[in-house]
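Please keep the model open in your viewer and make each selection as it comes up in the tour below.

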There are 2 protein chains.
Amino acid sequence: MSNTISINIKSSCASCGLRDLCLPVGLNSNEIEILGNLVNHKRAVKRGKYLHRTGTSFQSLYAVRRGFFKTFILEKDGRQQVTGFHMTGELIGLDAISAEIYTCDAVALEDSEVCEVPFSKLEEISRVIPSLMKHFHKIMSGEIVKDHEVMMLLGSMKAEERLITFLLNLSGRFSKRGYSSVDFVLRMTREEIGNYLGLKLETVSRAFSKLQEESIISVNNKHIHIHDMDRLKNKVDV
Amino acid sequence: MSNTISINIKSSCASCGLRDLCLPVGLNSNEIEILGNLVNHKRAVKRGKYLHRTGTSFQSLYAVRRGFFKTFILEKDGRQQVTGFHMTGELIGLDAISAEIYTCDAVALEDSEVCEVPFSKLEEISRVIPSLMKHFHKIMSGEIVKDHEVMMLLGSMKAEERLITFLLNLSGRFSKRGYSSVDFVLRMTREEIGNYLGLKLETVSRAFSKLQEESIISVNNKHIHIHDMDRLKNKVDV
DNA sequence: CGTACGTTTGACTCTGTTCAATTGCCGTGG
DNA sequence: CCACGGCAATTGAACAGAGTCAAACGTACG
């Protein structure tokens, strides 16, 4: 048994590589054990499939274990707005707590896997694990802060600034997960980027081309390479 | 703070008219009593004064008891983005939980009064009052949903639609508080509206004038009267 | 009661959209 | 393996909506 690779059945969180990004942040090993017992159901979501849809009854949050998601809301007239892109360790479904119904659609942009977190149980155990409650509140609050940043982006930035801000945001999140901050593959289309940024896909494409012209980045379809991070940042004075 | 006036009344929440809008929603009288003992510090904020500023250390949430606030964030280059307008019964400061620092400035747009809610104490008692915890989570989640709606507005609506959506939103909130839904006074300037909606003040003014042309509303400076709610709603197909 | 600020309106400019044509890429099936 | 079809991305040209600049007016606040 000693040199056997153990397959995590019991406490999935304890052995998960995303421990430092996800819900267990700040918990001791005993507490992680308790949380792990609650989060014991995984679910695979193929590229293009829905994790959940608007209007369905809310039971669980989902933590992205592997893959990439987008969430979006719909107007009556069919217009849609991408509200976020979600990568490993991030929680999906926080919007649904309020009315106990999902308020957006969540779609996998590549073959993905999520951990299901039954929300009422999470609330229960967070009563006895204060640090879990605290961390959960911070996650929700962080979501609000993130949304305010998007409001700033949509409300007062020009096309190029929006795209750069978006790239820098992705870059930072990849880096935090151990991937390159200057070399990555976009999982979403130009249209999805544009929708998120309040721009048309052609405008996104033109902005990419311009940054490439200036040799700040190279764009090969979905593959992005950032050559000059400083100049990129200077353009949005970060 | 020097311009703070604190008053101590036993269980302020129990006797507060905002009981059904604010934190105490869904609590029994005993629980309201406990909450009221925690929320015993009121603070007056004169028009134009700051309730809190970006970067200062977070201790408390604030519930608006009387008056009207705006919150906004600042870019390095001085650009600002209004992130919300807040009326009676609404909580200010949810953004600050995440980094334990306020991420925005909050300014009173008229002489106002807030109830201070020490956050760590709120977390403590919410451990023993599950319905308080549940309601607090719903408030935070509702904030996220609201922000997503603003993202939709900023990302895919035209100037007139944005303004109408804004008016309908205010109208509904006034109505919920027992005020007229068709006749109200704006507390903010055209510039503040524009900033919130991602428009210039001139564009806001023109959109108001156009709606008045069409006899859908009348605008007398800050005083708005909605003559034809149906036509107003039809323009954004709600 | 006067002044400073907020608002309205007009004329012009510019950024991003729309429409359209073309190219590039990738998976499927012959 | 290559050819095909369909989707995604790029690029150009014309257009429209909102921004900018400027002037005049109204009001409410001290």
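Select the protein surface near DNA strand C, where a residue is near a strand if one of its heavy atoms lies within 4 Å of it: by class this surface has four nonpolar, seven polar and eight charged residues. Here Ala, Val, Leu, Ile, Met, Phe, Trp, Tyr, Cys and Pro count as nonpolar, Asp, Glu, Lys and Arg as charged, and the others, Gly among them, as polar. This is a predicted model in which local features need pLDDT of at least 70 and side-chain atom pairs count only at pLDDT 80 or more, while totals for chains, interfaces and linings use all residues. Residues are numbered from 1 along each chain as its sequence is written, chains are lettered from A and ligands numbered from 1 in the order in which they are written, and side-chain values use heavy atoms, with hydrogens and water left out.

Staying with DNA strand C, pick out A:A159, A:T203, B:R190, B:S205 and B:S209, which come nearest of the 19 residues around the strand. Sugar and phosphate account for 64% of the atoms of DNA strand C that come within 4 Å of the protein.

Next, show the polar contacts, each a pair of N or O atoms within 3.5 Å (within protein, one must be able to donate a hydrogen and the other to accept it, and residues adjacent in sequence count only if both atoms are side-chain atoms). At a base of DNA strand C, select A:R206, which has a polar side-chain atom 2.9 Å from a base oxygen. On the backbone of the strand, a polar backbone atom of B:R190 is 2.8 Å from a phosphate oxygen, and a polar side-chain atom of B:K222 lies 3.4 Å from a phosphate oxygen. The elements that give two or more residues to this surface are α6 of chain A together with α6 of chain B, and the largest share, five residues, comes from α6(B). Helices (H or I, at least four residues) and strands (E, at least two) are DSSP runs, numbered from the N terminus.

Now move to DNA strand D, which is surrounded by 19 residues, the closest being A:R190, A:S205, A:S209, B:A159 and B:T203. Three of its phosphate contacts are worth displaying: the side chain of A:S205 has an N or O atom 2.7 Å from a phosphate oxygen, a polar backbone atom of B:A159 is 2.7 Å from a phosphate oxygen, and a polar side-chain atom of B:T203 lies 2.5 Å from a phosphate oxygen. Colour α6 (201-213) in chain A and in chain B, since each supplies at least two residues of the surface near DNA strand D, with the largest share, five residues, coming from α6(A).

Which relation links chain B to chain A? Superposed by least squares on the C-alpha atoms of residues with pLDDT of at least 70 in both, chain B can be laid on chain A with an RMSD of 0.0 Å by a turn of 180° and a shift of 0.0 Å along the axis. That is the relation of a two-fold axis. In chain B, the C-alpha nearest the axis is that of B:R127, 2.4 Å from it.

Finally, select helix α3 (residues 130-156) in chain A and in chain B, whose axes (lines fitted to C-alpha atoms over the stretch in contact, with angles from 0 to 180 degrees between N-to-C directions) come within 9 Å and cross at roughly 15°. The two helices are therefore roughly parallel to each other, a term for angles under 35 degrees, whereas those over 145 count as roughly antiparallel, 65 to 115 as roughly perpendicular and the rest as oblique. The contact of α3(A) with α3(B) has 14 nonpolar, eight polar and four charged residues.
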